[in-house]
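Work through the exercises below with the sequence and the coordinates at hand. Each task is followed by a solution in steps.

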Amino acid sequence: MAITSWIRTFPLVQYLIAWTQEIFMSVLKTGPVPQHVAFVMDGNRRFARRRKLEVREGHSAGFESLAHILEMCYQVGIKVVTVYAFSIENFKRPTVEVDALMEIARTKLLQIIHHGDLADRFGISIRVLGQRSMIPPDVLAAIDKSTEMTKRNTTAILNICFPYTSRDDIATSMREIVTKSEKHELDPETIDERLLEQHMFTKDCPPLDILVRTSGVERLSDFMLWQSHQNCTVEFVNCLWPEFEPWRFGSILLKWSRSKAVEYRKMEMERDQKQL
């Protein structure tokens, strides 16, 4: 056991950590608070390799990290969280790894169903965005159960992109618009950016405020390309996803909040000057 982990076992240290976290959360809640954040949860495989673990264990550690980050998000008042759980491109990985990822997804969704403390506590509606036709029947059944059991929750949303790519999101939106146009359900002259957005998987969500990618890789990997193109802060974090602790995300939220506060003050000053 590392020295830092050993020290954290002391009751007084645990109390101080909890007290510090509570104070920090209170500061973050004062806002401004983003309404929609997204995560590219990258680095699970490298985490496993560095610790000489099976790839499955790395992905499991990643899901544990996600639980902590989600709790923080909803505690500070973020309404929508979107996570990149599985890319369509991931089907090109070894079958053993793909099967392991599917089994982890099924298991975690069933845990939400049977022990839905997080969903119940924060009123989270779970939505799975992507191509359902690519999902194995047993995983699809778990998805349908989790979405059905949480569909009446209206306080917050968890979007799980699985399997997903941004190009497919845009293409699916375009296909739906073309189909409606062919059925004379809409006028082709009305097709614009706004209409395209209204047919995307995230159509019912507020605009994306922050997109975070871990592992030090600085690319979006076909995730939320459309949603992140305007007024979105993109943060590339140099740590692996299982190591992405709440304090790291808290620093990102604090930086975003400060920049927005400055922006709002500037807008107020400009408005006041116009009224003079």
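**Exercise 1. Classify Ser221 and Asn231 by accessibility, and check their backbone angles.**

Step 1. Ser221 has a relative accessible area of 32% and is partly exposed; buried means under 20%, exposed over 50%, and partly exposed in between, with a 1.4 Å probe and protein chains only.
Step 2. The model is a predicted one, in which local features need pLDDT of at least 70, side-chain atom pairs count only at pLDDT 80 or more, and totals for chains, interfaces and linings use all residues. Residues are numbered from 1 along each chain as its sequence is written, and side-chain values use heavy atoms, with hydrogens and water left out.
Step 3. Ser221 sits in the loop between E5 and E6; helices (H or I, at least four residues) and strands (E, at least two) are DSSP runs, numbered from the N terminus.
Step 4. The phi angle of Ser221 is near 50°, which is positive although the residue is not glycine.
Step 5. Asn231 also belongs to the loop between E5 and E6. Its phi is near 55°, again positive in a residue other than glycine.
Step 6. With 65% relative accessibility, Asn231 counts as exposed.

**Exercise 2. Describe the surroundings of Asn238.**

Step 1. Locate the residue: Asn238 is in the loop between strand E6 (233-236) and helix H10 (246-275).
Step 2. Asn238 is exposed, at 66% relative accessibility.
Step 3. List its contacts, where contact means heavy atoms within 4.5 Å. Apart from neighbours within four places in sequence, Asn238 is in contact with Ser215 and Gly216.
Step 4. Take a C-alpha to C-alpha distance: Asn238 and Val217 are 7.7 Å apart in space and 21 residues apart in sequence.

**Exercise 3. Place Met134, and follow one of its contacts to a cis peptide bond.**

Step 1. Met134 is in the loop between strand E3 (124-129) and helix H7 (137-150).
Step 2. Its relative accessible area is 36%, and Met134 is partly exposed.
Step 3. Not counting residues up to four places away in sequence, Met134 touches Ile88, Phe91 and Pro163.
Step 4. Pro163 is located in the loop between E4 and H8. The peptide bond joining Phe162 and Pro163 is cis, with omega about -20°.
Step 5. For a distant residue, take Arg265: from C-alpha to C-alpha, Met134 and Arg265 are 48 Å apart, with their positions 131 residues apart in sequence.

**Exercise 4. Which parts of the chain do the Tyr74–Phe122 and Tyr164–Phe201 aromatic pairs tie together?**

Step 1. Count the pairs: there are 12 aromatic pairs in the structure. Rings of Phe, Tyr and Trp (its six-membered ring) pair if their centres lie within 6.5 Å; planes under 30 degrees apart count as stacked, over 60 as edge-to-face and the rest as tilted.
Step 2. Tyr74 and Phe122 make a tilted pair, at 6.0 Å centre to centre and 35° between the planes. Tyr74 is in helix H4 (residues 55-76) and Phe122 in helix H6 (residues 117-122), so this pair ties together parts 48 residues apart in sequence.
Step 3. Check burial: Tyr74 is buried at a relative accessible area of 7%, and Phe122 is buried at 14%.
Step 4. Tyr164 and Phe201 also form a tilted pair, with 6.2 Å centre to centre and 55° between the planes. Tyr164 is in the loop between strand E4 (156-161) and helix H8 (166-182), and Phe201 in the loop between helix H9 (193-197) and strand E5 (210-213), so the pair ties together parts 37 residues apart in sequence.
Step 5. Tyr164 is buried, with a relative accessible area of 1%.
Step 6. One aromatic cluster is formed by Phe39, Trp241, Phe244 and Phe249.

**Exercise 5. Summarise the protein as a whole.**

Step 1. The secondary structure consists of 10 helices and six strands.
Step 2. The radius of gyration (over C-alpha atoms) is 20 Å, close to the 19 Å from the globule rule for 276 residues, so the protein is as compact as a globular protein of that length; the rule is 2.2 Å times the number of residues to the power 0.38.
Step 3. Of the 276 residues, 43% count as buried.
Step 4. Among contacts with a separation of 6 or more, 77% are between residues 24 or more positions apart.
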